Amino acid sequence: MQVSMSVNGDEVTEEIEARMLLVHFLRDQLGLTGTHWGCDTSNCGTCVVWMDGEPVKSCTVLAAMAGGHEVRTVEGLERDGELDPVQQGFMECHGLQCGFCTPGMLMTARALLDRNPSPSTDEIRQAISGQICRCTGYATIVRSIQWAASYEAAATVGSAS
Amino acid sequence: MPDLEPGQTHLHAGRSVLRPDLIEKVTGAAQYCVDIRRSGMLHAKIVRSRRAHARIASIDTSAARAMSGVVAVIVASDLAGLFARFGHIVPDHEILASGKVRYYGEPVAIVVADTEAAASDALDYVDVDYEDLPAVMSAEEALAPGAPLVHEEQHRRVDVDSLSPVETGADQGELRTSNVAHEATLEWGDVDSVWPVAAAVVENRMHYPMLYAYAMEPYNAVASFDEGRLEVDSTAQHPFMVRDDLARIFSLPLAAVTVRAPYLGGGYGSKSYTKVEPLAAVASWRTGRPVKLVLDVEESIYTTRADSAEVHVRSAFDDQGHILAREIDIVMDSGAYADNSPLVVAKSVNRSFGPYRVPNLRVRGRSVYTNTSPASSYRGFGAPQGVLAGETNLEQAADRLGIDSAELRRRNLVRPGEEILHGKRGIDADLPADLEMVVGALREHAPEDQSWFASAMACSASDAGAFPVSTATVRVQADGSVIVLSGSTEMGQGSRSALAQIAAEELRVELRVVTVRQSDTGATAYERTTGASRTTTLTGLALQRACQDALSKLRSMAAEVKGCSADEIAPSPAGFALPGGDTISYGEVVRSWFGAAAGEVTGIGLLRREGATAKMPPFWEIGMIGVGCRIDPATGAIAVEQLVTVGDVGFAINPQAVEAQDLGAATQGLGCALFEELLYDGPQLMNPNIVDYRVPRMRDLPGRIDAMLAERRDGVGPYGAKGSGEGALNPIAAAVATAVARVVGRWPDRVPLTPERVWRLINETGPDDTTGDRSSPREG
Ligand code: FES
Ligand code: FES
């Protein structure tokens with residue numbers, strides 16, 4: 001079957017098997033391997049992307065279901081050649097080691113900050129609670145997201161003054 | 001380049017620099033093995049045994065071969081002419097089961113197809129006819145007299161200490177008489193004479209569970225066999241050792257086999273040694289096309305787990321609490337194939353009795369074959385199993401003797417330089433000082449509300465299983481930039497950054513001009529393994545030598561082109577100071593010597609067992625941990641309110657990365673202490689997935705974390721560094737078990753301490769069958 005969607009702002013149309021999952025569509029069909037695949041059972045969260053601005057586990061969505069929607073992946077996080085503050089935060093605060101969970105964490109973190117620019121520690125923990133990181137022990141992930149939130153807050157104050 | 005501030009002795013080493021791999025990882029550009037595709041690539045899927053132990057009567061592949069998209073179905077008989085087994089200590093591991101299957105989940109056939117989906121579809125059409133054999137599903141069953149044998153034949157072994165082949169035992173033909181895969185012993189003094197005269201003899205038994213490391217990137221590989229050459233990309237921590245196994249399988253020269261390991265999505269020891277590479281390689285050999293094999297989580301769990309262990313400890317003390325003797329018996333369930341378990345059990349023996357003065361000692365460890373999934377390395381291997389029983393034994397002794405357990409440790413811990421293994425390197429750490437750091441942090445942050453709360457500590461020392469066989473190459477380019485080649489794999493631990501920092505430090509160049517290339521057996525330098533926390537210490541030393549080699553060549557070349565003597569040339573940033581006050585950069589040296597705007601100078605560093613690294617182990621990895629745990633009496637759930645780690649690392653090349661390693665290791669240890677356990681129900685696992693096998697999640701993050709570093713420059717590595725990354729895991733289960741016992745008043749006999757188990761400890765009265773004393777509840 002044929003499916004069309006917008007991925008990181010580009011319109012794509014591809015011929016696929018009906019059973020193909022969105023995660024494999026992005027990785028194998030489009031070569032966007034920044035979105036990772038880890039469990040296939042909707043448990044690890046390394047496959048999180050946005051569909052119409054909402055974080056979804058792309059191993060739980062058929063590519064066909066994403067037809068006509070707007071998908072954004074980690075490759076689409078940078079804006080105008082600048083790293084997104086959540087990307088910077090993860091680098092600054094060592095929010096990753098092997099990096100396999102990172103793309104999913106970043107997508108969830110970005111969605112959280114879009115909705116809630118100054119989340120509490122609990123709100124951050126809550127937002128990431130459906131995702132696994134086996135390397136870091138999570139503390140630095142929380143710090144990374146806090147870093148991004150304060151960076152953005154400072155930038156907003158800066159541009160307002 | 002950063003400036004030296006007062007008190008700093010290094011320009012790059014010892015700073016929390018931004019790791020160069022992180023940028024690729026946050027943009028999604030980092031390439032992991034699972035991302036690799038080759039043109040004309042086929043996909044493999046594995047038909048796995050549905051029996052724990054059975055004779056394979058027949059395999060009918062015709063229906064599967066007839067399916068659309070299927071290119072080949074490969075069974076053991078198709079591997080005739082190959083050495084169809086692997087295993088770096090005992091080559092007992094069959095690529096595909098031949099004759100019989102030894103565990104549920106064992107590869108029986110490979111389906112190769114145009115797409116992964118087509119290969120998956122065909123799996124069920126491979127018809128395997130089994131004749132069941134009696135199975136041994138636990139070490140206890142496997143050791144029983146007359147137990148069925150998992151392996152009938154004895155294979156030639158490699159001595160785990162010297163890495164040389166053991167002369168006795170033909171490769172094949174000799175028959176086995178028991179299921180013991182490996183036995184290791186350690187003994188000194190006369191333990192038997194001590195029991196009758198001791199003030200207290202304390203005995204306990206602890207069970208350590210089967211664990212899955214759960215690296216988030218599952219095992220996978222892409223292999224191409226072409227014209228007598230084999231190229232494999234895989235999730236291998238030790239690409240050079242995988243290469244050796246593959247070369248033996250196909251009777252190829254080592255140089256004809258290339259194994260590359262790109263970024264690994266986690267390793268933690270579980271990607272040590274050969275895993276799926278032979279399956280992908282034989283599939284490519286049969287089909288003549290590149291073949292990719294990606295396991296799912298369930299298959300990965302069946303591929304490798306940690307050895308579970310039953311450990312029995314008996315210790316004797318004088319009335320002042322000094323250890324007089326310890327006797328320890330370790331039985332590990334190593335599953336169907338030996339893999340690294342002989343080394344795991346040997347290390348467990350060395351690590352079980354603790355960094356204490358033990359005048360009389362007897363330890364026996366046995367690794368036992370069973371019809372369960374094969375066990376091998378996992379972070380800290382051998383240490384957590386032994387330390388759980390050894391440290392809880394010490395805590396029970398403290399109760400019995402009426403001595404505070406920190407004080408009991410103070411009286412028994414070895415001091416810096418003292419040996420705990422005779423003839424081996426003395427302890428290169430200050431354990432009493434580390435202990436006070438933990439005691440202090442626990443005391444300082446003790447909660448006011450002490451109800452159902454207790455804190456506890458535990459410690460361990462691991463003789464790092466890092467055999468010094470390391471090499472490194474540096475290539476100084478015509479513009480003065482530097483390429484470092486190393487066979488050590490980047491799996492998240494930050495070696496790419498640490499090696500770049502060492503090279504920049506030694507060559508006095510800016511960090512940004514250093515590029516590190518790793519883990520390509522055809523192109524990078526040799527490294528024996530990426531395990532046992534060796535990279536910073538051993539690869540680091542080899543790299544320092546490579547830099548010195550490059551510098552001395554560059555210095556002679558500078559003397560030659562400038563017409564002076566090499567002795568007149570002094571070091572300066574990114575180059576040399578010449579007599580007369582001029583300087584010359586490395587780039588200029590290279591260009592003027594070659595007489596062109598081109599060329600490069602190569603420095604080589606080789607490391608073996610000699611000099612500073614002659615004594616084994618090259619370093620001791622210390623674990624020193626404290627926890628504060630509160631129990632919910634209604635549910636039995638444990639909340640870890642405080643976690644204290646001390647990273648006794650000698651010198652942290654990148655402090656932020658070292659702390660991160662400690663926290664990650666401690667969190668994995670907490671997983672084992674609180675919820676992780678693979679459970680067999682009959683022939684198969686009942687929880688081979690990450691829903692039922694619960695790993696720590698965000699909500700399990702300890703309430704307060706005190707991560708401390710102890711940097712006393714007492715390691716043999718660069719700038720006094722030692723390995724890190726395992727230590728924080730090793731003692732943590734013992735600390736949690738102790739905290740639970742302090743709250744509940746009864747000693748658990750196993751981990752993980754799931755809510756149900758804790759609830760039962762609280763509520764079920766009656767004789768506490770295995771754990772000896774029952775002390776009265778201590779509550780604050
Ligand atoms: S791959 Fe989607 S949640 Fe794990
Ligand atoms: S960084 Fe490795 S799993 Fe999160």
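**Figure 1. Strands β10, β16 and β17 of chain B.** Strand β10 (residues 200-208) of chain B runs antiparallel to β16(B), and 9 bridges join the two. This is a predicted model, so take every strand, helix and contact in these legends as belonging to a prediction. One pair to look for in the view is Val202(B), which stands opposite Ser315(B) in β16(B). Ser315(B) also has a bridge partner in β17(B), namely Arg326(B). Strand β16 of chain B covers residues 308-317, and 8 of its 10 residues are buried, so call it mostly covered.

**Figure 2. The hairpin made by β16(B) and β17(B).** What sits between these two strands? The hairpin has 5 residues between β16(B) and β17(B). In that turn, Gly321(B) has a positive phi of about 85°, which is the spot to zoom in on if you like checking backbone torsions. The strands themselves pair in the antiparallel sense over 10 bridges, with β17 of chain B taking in residues 323-335.

**Figure 3. An open four-stranded sheet in chain B.** Here we move to a sheet of 4 strands with mixed pairing, in the order β20-β28-β29-β32 (chain B). Which strands stand at the edges? They are β20 (453-463) and β32 (704-710) of chain B; each has a single partner strand, so one side of each is left without a neighbour in the sheet. From one strand to the next, the twist averages 15°. Zooming in on one pairing, β20(B) and strand β28 (residues 620-631) of chain B are antiparallel and share 11 bridges. Within this part of the view, Ser460(B) stands opposite Gly623(B) in β28(B).

**Figure 4. Two helices lying across the sheet.** Helix α12 (residues 431-444) of chain B lies across β20, β28, β29 (638-648) and β32 of chain B. Its angle to β28(B) is about 20°. Helix α17 (residues 732-744) of chain B lies across β20, β28 and β29 of chain B. For α17(B), the angle to β20(B) is about 155°.

**Figure 5. Where domain 1 and domain 2 of chain B touch.** Both domains are made of two stretches of sequence: domain 1 takes 20-30 + 467-613, and domain 2 takes 413-465 + 617-763. Their C-alpha centres lie 36 Å apart. How many residues are in contact across this boundary? On the domain 1 side there are 18, in contact with 19 residues of domain 2 of chain B. Helices α13 (495-507) and α14 (535-562) of chain B each supply at least two residues to the domain 1 side. Of the elements on that side, α14(B) gives the most, with 6 residues. By residue class, the domain 1 side that touches domain 2 of chain B has 7 nonpolar, 10 polar and 1 charged.

**Figure 6. The contact between chain B and chain A.** Chain B brings 41 residues to this contact and chain A brings 39. On the chain B side, α1 (20-27) and α16 (655-674) each supply at least two residues. The largest share of that side comes from α16(B), with 7 residues. What kinds of residues make up the side of chain B that touches chain A? They divide into 25 nonpolar, 10 polar and 6 charged.

**Figure 7. Chain A on its own.** Chain A has 5 helices and 5 strands, and reading along the sequence gives the pattern β-β-α-β-β-β-α-α-α-α. The radius of gyration of chain A is 16 Å, close to the 15 Å that the globule rule gives for 161 residues, so chain A is as compact as a globular protein of that length. Its C-alpha trace spans about 50 × 35 × 25 Å along the principal axes. Buried residues make up 53% of the 161 residues in chain A. Among contacts in chain A with a separation of 6 or more, 61% are between residues 24 or more positions apart.

**Figure 8. Chain B as a whole.** To put the close-ups in context, the secondary structure of chain B comes to 18 helices and 32 strands. With a radius of gyration of 27 Å, close to the 28 Å from the globule rule for 780 residues, chain B is as compact as a globular protein of that length. The C-alpha trace of chain B spans about 85 × 75 × 50 Å along its principal axes. Of its 780 residues, 58% count as buried. For contacts in chain B between residues at least 6 apart in sequence, 79% join residues at least 24 apart.

Technical notes: Residues numbered from 1 in each chain as written. Chains lettered and ligands numbered in written order. Predicted model: local features only at pLDDT ≥ 70, side-chain atom pairs only at ≥ 80, totals over all residues. Domains from an automatic or database assignment. Contact = placed C-beta atoms within 7 Å. Nonpolar A, V, L, I, M, F, W, Y, C, P; charged D, E, K, R; others polar. Rg over C-alpha atoms; globule rule 2.2 N^0.38 Å. Buried ≥ 20, exposed ≤ 12 C-beta atoms within 10 Å, placed from the backbone. Pairing = 2+ DSSP bridges. Axes fitted to C-alpha atoms, helices over the stretch in contact; angles between N-to-C directions.
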